[in-house]
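Here's a quick walk through a model, written for someone who'd rather be at the bench. Have a look at it first, then read on.

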Amino acid sequence: MTEIKKLIADSLTKLRSVNNKEMLESLRIEISGKKGYITQAFSKLAQVGANEKKEIGAELHALKREFESLFYAKKEEIELKDLESKLKQEKIDTSLFYTTNFVSNGHPVYQMRDMIIDYFVGLNFALQDGPFIEDDFHNFEALNIPKYHPARDMQDTFYFKDSFLLRTHTSPIQIRTMENTKPPIRMICTGATFRRDYDLTHSPMFHQCEGLVVEQGDHIGFAHLKFILEQFVKYIFGDGVRVRFRSSFFPFTEPSAEVDVSCMFCNGSGCRVCSYTGFLEILGCGIVDSSVFKAVGYKDVSGYAFGMGIERLTMLKWGINDLRSFYETDLRILEQF
Ligand SMILES: [Zn+2]
């Protein structure tokens, strides 16, 4: 028993200088584990006499308490030390520059598209859609552009076999809408269109927006068209701009007009961008030609149509001078929007 008490006392001395979890645990097993010194001592207590038992028992209980209070104090000390070193390793340097997690605003062309859609949907125009691959009838014939018509030269078309083609404008969506719906129609459509063209202001793929209003009877006239488009141009470029309608030619409208906005770069006084005219052309429009209505089987109706290039509006709105920068995925440009 004297020997065991000495072993316990030695272990307690060791326990005082322990400084890591592993050593602490092995000392715990050595002193108070299933075969530890204290456990052994208590089991040997049965062999001693009744008088000694009381005395030694009390001594063992005192040692056990001493061990326990020492053990828990050490455990807390070591855990605190471990936590502190862990926190030191996980330190965050708040002075580092914040360089990640950019928020996307969407491509500038799509921002412009959404602005246009917002305006016309607000006026109760329905949004329509159609296929990229079109047939000759919907892209040309029904729009009063028969084969060998000079207007076909205005549009350098990508052709497939059997007179299928990539749509050169969004106008076939107007034809398809009229084929599937009875008047009144009040629609817009936006989407990618394709032509063989590539320079500062042309791209083989670009986006258009077109609108069409058709009603039974002959009461839809140019005044309606002019009002809607004037308001639209001011919505896009601000109340300060002036809007001008200039007579023009399109196969699918008669009469036709091109719409100009006063140059926002020189405020109409003339500069390089507007070729010193003070105006910039932004869209085409007109009263729908009767031959278009005939192609879709409409009788006794009247209506107007308009169309614009979304890239062109985007370039003018935000002062971008090279259309190709929209498709070069250069983040230094796109991130500015
Ligand atoms: Zn100008």
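Which are the buried residues of α7? They are S171, P172, I173, Q174, I175, T177 and M178, where buried means under 20% relative accessible area, exposed over 50%, and partly exposed in between (1.4 Å probe, protein chains only). That leaves helix α7, residues 171-180, mostly covered, with seven of its 10 residues buried. Helices (H or I, at least four residues) and strands (E, at least two) are DSSP runs, numbered from the N terminus.

Before going further, some housekeeping. This is a predicted model, so local features need pLDDT of at least 70 and side-chain atom pairs count only at pLDDT 80 or more, while totals for chains, interfaces and linings use all residues. Residues are numbered from 1 along each chain as its sequence is written, and side-chain values use heavy atoms, with hydrogens and water left out.

Now for two residues that sit in strands and have quite a bit to say about cover:

| Residue | Strand | Relative accessible area |
|---|---|---|
| F164 | β3 (residues 164-166) | 40%, partly exposed |
| G303 | β9 (residues 301-309) | 1%, buried |

F164 also helps make a nonpolar surface patch of about 400 Å², together with F132, I133 and F160. Patch members have over 30% relative accessible area and no salt bridge; like charges are joined within 9 Å, and nonpolar side chains (Val, Leu, Ile, Met, Phe, Trp, Tyr) within 5 Å. A salt bridge here is a side-chain nitrogen of Lys or Arg within 4 Å of a carboxyl oxygen of Asp or Glu.

As for G303, leaving aside its neighbours within four places in sequence, it is in contact (heavy atoms within 4.5 Å) with V213, V214, I220, I287, V288 and F293. The C-alpha atoms of G303 and K161 are separated by 34 Å, and those two residues are 142 apart along the chain.

I287 turns up again with E254: outside its neighbours within four places in sequence, E254 touches I287 and D289. E254 belongs to strand β7, residues 253-262, and an unreviewed UniProt entry lists it under "binding site". Such annotations may be inferred rather than shown by experiment.

Finally, the rings. The structure holds 16 aromatic pairs. One of them, F250 with F252, is stacked, at 6.1 Å centre to centre and 10 degrees between the planes. Rings of Phe, Tyr and Trp (its six-membered ring) pair if their centres lie within 6.5 Å; planes under 30 degrees apart count as stacked, over 60 as edge-to-face and the rest as tilted. Both F250 and F252 are buried. Elsewhere, ring pairs link Y119, F120, F125, F232, Y235, Y304 and F306 into a cluster.

How values were computed: Accessible areas come from the Shrake-Rupley method with a 1.4 Å probe; for residues, only the protein chains shown count as cover.
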